Amino acid sequence: MPDFALESRSVQPVCGIDEVGRGPLAGPVVAAAVILNPLAIPEGIDDSKRLTAARREALHAELLASAVVGVGQASVEEIDRINILRASFLAMRRALAQLTPAPALALVDGNKVPPDLGCPARAIVGGDGLVLSIAAASIVAKVTRDRIMVALAQQFPGYAWEQNKGYGTRAHVAALSELGVTPHHRRSFKPIHNILWEAA
């Protein structure tokens, strides 16, 4: 389970940052930045991938009530224009910019710190399973992006985005062959690029 040790040893306030949605074929990439209140940390915070959807939703509500939370997105158009890594960094910068007060330190999940983040930062490999603030950010980002994909699924039925959240499952790829590419598909990603190339 992640703990609060790293935050406790650092200059305050400290935020955790994580992103969700680098791998899907459709939808935005979403990042969250979270400054936990040491006196009101919700119980059960963990890497979002290790929690059920219901538990993530409950913790998301608790985090919005008790912590300082910022959320940022990068659109499909931005992903296609600048690539997914830079778009992920852009979403992280947008999430951190939402925080008041601004953090003295950001702990970022992964092995790279986004350039021009706006405050000192440290990358933590596997941080969503080690650092409580990063785990909290993973929950907020995951719930936010899942809700976006469920809403998009209602506008573009047939791709099963309410289930696969835009990832390239067999059902999603089969729907692409039958229904074609939507405005929410990432055209720079190889499976989508290949479909468009073959159709040209």
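Two strands count as paired if DSSP finds at least two bridges between them. That's the idea to keep in mind for strand 1 of this predicted model, where Gly16 has Leu107 as its bridge partner in strand 4. Beyond that strand, there's a pocket of about 330 Å³, a cluster of three named aromatics, Phe156, Tyr159 and Trp161, and a count of 0 disulfides.

**Strand 1 and its neighbours**

- Strand 1 covers residues 14-20, and 7 of its 7 residues are buried, so the rest of the structure largely encloses it.
- Both faces are covered: one side carries Val14, Gly16, Asp18 and Val20, the other carries Cys15, Ile17 and Glu19, and all of these are buried.
- On the parallel side, 4 bridges tie strand 1 to strand 4, which is residues 105-109.
- On the antiparallel side, 5 bridges link strand 1 to strand 2, made of residues 29-35.
- Gly16 is a handy landmark here, as it pairs with Leu107 of strand 4 and also stands opposite Val34 in strand 2.

**The largest pocket**

- The largest pocket holds about 330 Å³ of space.
- It is lined by 19 residues, and those closest to its centre are Asp18, Glu19, Val20, Lys49 and Asp109.
- Strand 1, helix 4 (84-97) and helix 5 are the elements that each give two or more residues to that lining.
- Strand 1 turns up again in this list: Asp18 and Val20 sit on one of its faces, with Glu19 on the other.

**Helix 5**

- Helix 5 runs over residues 132-155, which makes 24 residues.
- From first C-alpha to last it reaches 35 Å, close to the 34 Å expected at 1.5 Å a residue.
- Most of helix 5 is covered, with 19 of its 24 residues buried.

**Aromatic rings**

- There are 2 aromatic pairs in the structure.
- Phe156 and Trp161 make a tilted pair, with ring centres 6.2 Å apart and planes at 50°.
- Tyr159 and Trp161 make a stacked pair, at 5.2 Å centre to centre and 25° between the planes.
- Trp161 takes part in both pairs, and Phe156, Tyr159 and Trp161 together form one aromatic cluster.
- Trp161 is buried, at 0% relative accessible area, and Tyr159 is buried too, at 4%.
- Phe156, on the other hand, is partly exposed, with a relative accessible area of 24%.

**Cysteines**

- A disulfide needs two cysteine sulfurs within 2.5 Å, and by that rule the count is 0.
- Cys15 is in no disulfide, because its nearest cysteine sulfur, that of Cys119, is 5.6 Å away and the cut-off is 2.5 Å.
- The same goes the other way round: Cys119 is in no disulfide, and the nearest cysteine sulfur to it is that of Cys15, at 5.6 Å.
- Cys15 is buried, with a relative accessible area of 0%.
- Cys119 counts as buried as well, at 14% relative accessibility.
- Cys15 also belongs to strand 1, on the face it shares with Ile17 and Glu19.

Note on methods
Residues numbered from 1 in each chain as written. Predicted model: local features only at pLDDT ≥ 70, side-chain atom pairs only at ≥ 80, totals over all residues. Heavy atoms only, no water. Buried < 20%, exposed > 50% of the residue type's maximum accessible area, 1.4 Å probe, protein only. Phe/Tyr/Trp six-rings, centres within 6.5 Å; stacked < 30°, edge-to-face > 60°. Expected span 1.5 Å × (residues − 1). 1 Å grid on protein atoms, 1.4 Å probe; cavity = no way out; pocket = protein on both sides within 12 Å on 5 of 7 lines; lining within 4 Å. Points joined across faces, edges and corners; volume = space filled by probe spheres on them.
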